[in-house]
Structure formats: C-alpha cells, structure tokens
Amino acid sequence: MIDHRRLRVALLGAGSVGSQVAHLLLTQAAELAERSGADLELAGIAVRDVDAPRDVDLPRELLTTDAEGLIVGSDIVIELMGGIEPARAHILTALNSGADVVTGNKALLATHGAEIFDAADQVGASVSYEAAVAGAIPIVRPLKDSLAGDRVVRIMGIVNGTTNYILDRMDKEGADFADVLAQAQALGYAEADPTADVEAYDAAQKAAILASLAFHTSVPLEAVHREGITSIDKAMIDGARAAGYVIKLLAVCERLPADGDQGEDGEEISVRVYPALVGRDHPLASVHGANNAVFVEAEAAGALMFYGAGAGGIQTASAVLGDVVSAARRHIAGGVGVGESPRMSVPVAPIGRITTRYQITLEVDDEPGVLAHVASILSEGGISVATVEQTVEQPAEEAAAEQAPAPRRARLVIGTHHAREQALGDTVARLSSSDVVERVVSVLRVEGE
Ligand code: NDP
Ligand code: HSE
C-alpha cells in the first residue's frame, strides 16, 4: 500500500462539466491516486445555488457558495464556472495562494490569458487548460509541448460542438435551427448564453488560443475575424448540398505567405472563424454531431488530424481530469510549473488580406447580356471564374396570371478560383449595385481544397 500525499482539490462550478468532474473525482479516487501519486481530496464545490438540480447526485455537504473560502489552502483549484468574473478573481486568488489551476474557460483565457499566465509565472504555479479548446480532444498539449520543436504553418478545424451539431442536423434532416439549438442546450453542449456558440464568439476565443499556442504569439481576441451561423438558412444548406459541399463553421489560423504587403518583420498571421463550404469528400465533412476536428500542418511533421468529442459534460471532464493528474504530479515533484512559451507579437492581418476560393450566388434578370455583364464585373475586379451554374426560377402562379408578367429571374452560382478577400468584397459590392443583379443571395468561402 503506497502512502500517498494528500492534495486538497477545490472545484468551482458543478454544471454540465463540473458535476461530471466531481463525480469522477469521487468515484475513481483510487485510480486517480495511483496515476497522480497523490490522494485527491475533493474539499468542496462552489456553486451559485446549493439546492439547484444537478446532472449527477453530489454529496450535499460538499456544496458551498463560499468560493474564496474554499480556494484558500487548496493545492489544486479547478475552475468550471465559466464567464469572466468572478472566475478571473478566483483564479488569481488561487495562484497567489500557491495552488495550481485547471480551467476550461476559453472566454477568460482569450481575454485575460496574459494576466493569468503572468500571475502563475510569478509564483511558479501552473495553469492547465486542455478543456478550453475542442472539449475532450487533446490539442492544447500537442501544440504546447509535442510540436514545440516544429514550425506550425496552418490550423484548420471545427472547434465548436454546438454549431456543428446544429449545421449537421440541418444538413441531414432539414431540422429547424431553433429546435436543434434547444436540443444542443439540453445535451449540455452550449454555453450558458448560446449566442456565444451561434455567433461564433466561442470559436473565436478558441481560435485565439490555438493561434497563440501554434505561432508562439499573443493573439488578441479583437483581432480574430468572426462570423457566426445565424445567417445560414435551409436554402443555403440545400444549395451547398446540390453543389457537392457541406457548410461547416471553421476556425482557420495560418501564417500568410510573404508577398511584400507584410509588416516590418515580414511575418503575418490570419486568425478567422466563419461558416464555409467544405467538399463532401473532405474529412471535415464527416465530422458529425457535436464532434470537433482540428487539422494541424507543421513544416516537419506534415499534416496531423485531431478528432473527437468537442463538447459535452462527461467528455470534457476527461480533459479536465488529465490536467488535474498533471497538476498533482507537479505538486508532488515540486519545482516551478511549466509556463507558456515566451510570446512574440506577430501581427494579425485584416480579413481583406486572406486568399481563398468563393461561391457567389446571385439572383439576376433572365435576359440576354446579363451573364456577360456579370462576367465583366468579375473580370474587372480581377476575380477568376472557375464554375458557373444557372437555374431559371419559375414565376409564381399569381404573378404569371397577371397581365404584365413579372420578369423571369435566374439564379447564378459562381465558383471562383483563389482570390484576395479585399478584391472579392469590392467586386461583390459592384455586383450588388449593378442594374442586372436583383440580389446577392450569398457569398461563402470554400475551404479545404
Ligand atoms: P454550466 O453553466 O453548466 O455550469 C456553471 C457552473 O458554475 C454551475 O454549477 C454554476 O452554479 C456555477 N457558477 C456560475 N457562476 C457562479 C458564481 N458566480 N459563483 C458560484 N458558482 C457559479 O457550465 P459548463 O459546465 O457547461 O461549462 C463550464 C466551463 O467549461 C465554461 O468555461 C465552458 O466554456 C467550459 N467548457 C464547457 C464545455 C461543455 O461542453 N459544456 C466543453 C468545454 C469547455 P449553479 O449550478 O448553482 O448555477
Ligand atoms: N459550447 C462549446 C461548444 C463547449 O459547443 O463547443 C465546448 O467548448
């Protein structure tokens, strides 16, 4: 029988993730002690309301509303409350009192990461956050440690489970956006305020964390280009399917190729999150439900893919517990916690500087010369056309019955070759104000080709 050291663990939050973490700490105590070399004593669980219903039964005597009182004297503090305050204040209290911190709070790390990492460095404590990006998938540690000797050039992935669940169900079953969002909430995938998911704030926070780790820089959240999925409707999903694509909310972090437009030191990155078209034969197209997948391209390692559950209480608890075991081992071994890599300040390029392919859908009058006019606007904008498809829309019956029939409309779906976003945007603005274009129905980027 090994005489383990006893470590006091404070848990802040017993929601979707926290309740599962508490359950595992209590029911798998012996195994966790074997792996970490310490008895992990769950000293208490801070919540807002000790009487609130929980996903799992937790001993009533462990629940408290006094988070600060619980933190003091703890060796490891697990923060799973979410949000900025009081999570930030509690983490700083924990670090300043010598505790190691484990958190899944990407909103906090993407906005106050520098302050928290500095506070940890000052006292030689560790801050671990595997659960903050892509739920159960190990991606933080691979970027921070395993790939530290390589040069990452690009990351592209699906990093939000809720939106992938919504888009997947809309694609597969024609499900209604609001209905599926409610189901994602009930399953514990969504943030406390699901706007964070559907407007891609959550994915943008994760992209900022991923890019900071991958490029050893500090990416401010405001520099991440963000577009959510609330504008994606059934017609866009059906149109994508008909053209051989699926719509996915993607996070893309990449080093931009040097082309003379860069800043002083010649290095620039792009960090962006938006719904994009992905070919149905691309591996990202088969990421279903609340799963996530992250592709990493590094100079020496080549292409790596990380795949698995991107959200969910029990799944995310796995990542949290992994960090807890590491923190316990460090606590036992002593010495200072392994901090973040020294961070540079690589400029983040505005969205106008990226280059990708696009699909532009226009509603136009079905008349001679219209296609030529559209083609000339594209050509003047330097946009090279790869594919064009036209469908003629049948006038509504009541319109057809009128004396002066409504003009026939056609829908043009134009696929472009690679183009600079700035040039594309300027050209779409010209198309939009042109006499022959009734309406710009949608403009979607095409990624992964
Ligand atoms: P929930 O909203 O389900 O739970 C939050 C918990 O924190 C609740 O128990 C709540 O108490 C408690 N809490 C909130 N504010 C306070 C406060 N001011 N004082 C005391 N307790 C408080 O969140 P999740 O479990 O879903 O997420 C937790 C964290 O993990 C977030 O940062 C989230 O982004 C992250 N995460 C979540 C994933 C998921 O799939 N859900 C996946 C990966 C990361 P009470 O119960 O009494 O209301
Ligand atoms: N709300 C987040 C998601 C939880 O849906 O991905 C995991 O970070």
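Good morning. I begin with a pair of strands: β11 (residues 291-298) and β12 (residues 302-309) run antiparallel and are joined by 8 bridges. Strands here are DSSP runs of E with at least two residues, helices are runs of H or I with at least four residues, and both are numbered from the N terminus. Two strands are said to pair if DSSP finds at least two bridges between them. The connection from β11 to β12 is a hairpin of 3 residues. Within this pair, Asn-291 has Ala-309 of β12 as its bridge partner.

Before going further, I should state that this is a predicted model, in which local features need pLDDT of at least 70 and side-chain atom pairs count only at pLDDT 80 or more, while totals for chains, interfaces and linings use all residues. Residues are numbered from 1 along each chain as its sequence is written, chains are lettered from A and ligands numbered from 1 in the order in which they are written, and side-chain values use heavy atoms, with hydrogens and water left out.

Let me turn to the overall picture. The protein has 449 residues, and 53% of them count as buried; buried means under 20% relative accessible area, exposed means over 50%, and partly exposed lies in between, with a 1.4 Å probe and protein chains only. Its secondary structure comprises 15 helices and 17 strands. Taken along the principal axes, the C-alpha atoms fill a box of roughly 90 × 50 × 35 Å.

The domain assignment gives domain 1 (5-135 + 314-333), domain 2 (140-311) and domain 3 (354-447); such bounds come from an automatic or database assignment. Over C-alpha atoms, the centres of domain 1 and domain 3 are separated by 53 Å.

I now come to the open sheet. Its 6 strands follow the order β3-β2-β1-β4-β5-β6, with parallel pairing. β3 (63-64) and β6 (127-128) stand at the edges with a single partner strand each, so one side of each has no neighbour in the sheet. Further inside that order, β4 (residues 76-79) and β5 (residues 100-103) pair in the parallel sense over 4 bridges. Val-77 stands opposite Val-101 in β5.

Where does ligand 1 lie with respect to domain 1 and domain 2? Both domains give residues to the shell around ligand 1, so the ligand lies between them. There are 23 residues around ligand 1, and those that come nearest are Ala-14, Asp-49, Arg-54, Glu-191 and Gly-312. A residue belongs to such surroundings if one of its heavy atoms lies within 4 Å of the molecule. The shell divides into 9 nonpolar, 9 polar and 5 charged residues.

Several polar contacts can be named, a polar contact being a pair of N or O atoms within 3.5 Å; within protein, one atom must be able to donate a hydrogen and the other to accept it, and residues adjacent in sequence count only if both atoms are side-chain atoms. A backbone N or O atom of Ala-14 is 2.8 Å from an oxygen atom of ligand 1, and for Val-17 the corresponding backbone distance is 2.9 Å. Arg-54 places a polar side-chain atom 2.6 Å from an oxygen atom of ligand 1. Taken alone, ligand 1 exposes 900 Å², of which the protein buries 85%; accessible areas come from the Shrake-Rupley method with a 1.4 Å probe.

The surroundings of ligand 2 include Lys-106, Asn-160, Asp-197, Asp-202 and Lys-206. Its shell is made up of 3 nonpolar, 4 polar and 5 charged residues. An N or O atom in the side chain of Lys-106 is 2.5 Å from an oxygen atom of ligand 2, and a polar side-chain atom of Lys-206 lies 2.7 Å from an oxygen atom of ligand 2. Taken alone, ligand 2 exposes 260 Å², and the protein buries 94% of that. Two elements, α7 (161-173) and α10 (201-215), give two or more residues to this shell.

I close with two loop residues. Is His-282 buried or exposed? His-282, found in the loop between β10 (269-279) and β11, has 14% relative accessibility and therefore counts as buried. Its side chain reaches the backbone nitrogen of Leu-284 at 3.0 Å. Pro-53, in the loop between β2 (38-46) and β3, counts as exposed because its relative accessibility is 80%. Pro-53 and Gly-15 are 38 residues apart in sequence, and their C-alpha atoms are 9.5 Å apart in space.

Notes. Nonpolar A, V, L, I, M, F, W, Y, C, P; charged D, E, K, R; others polar.
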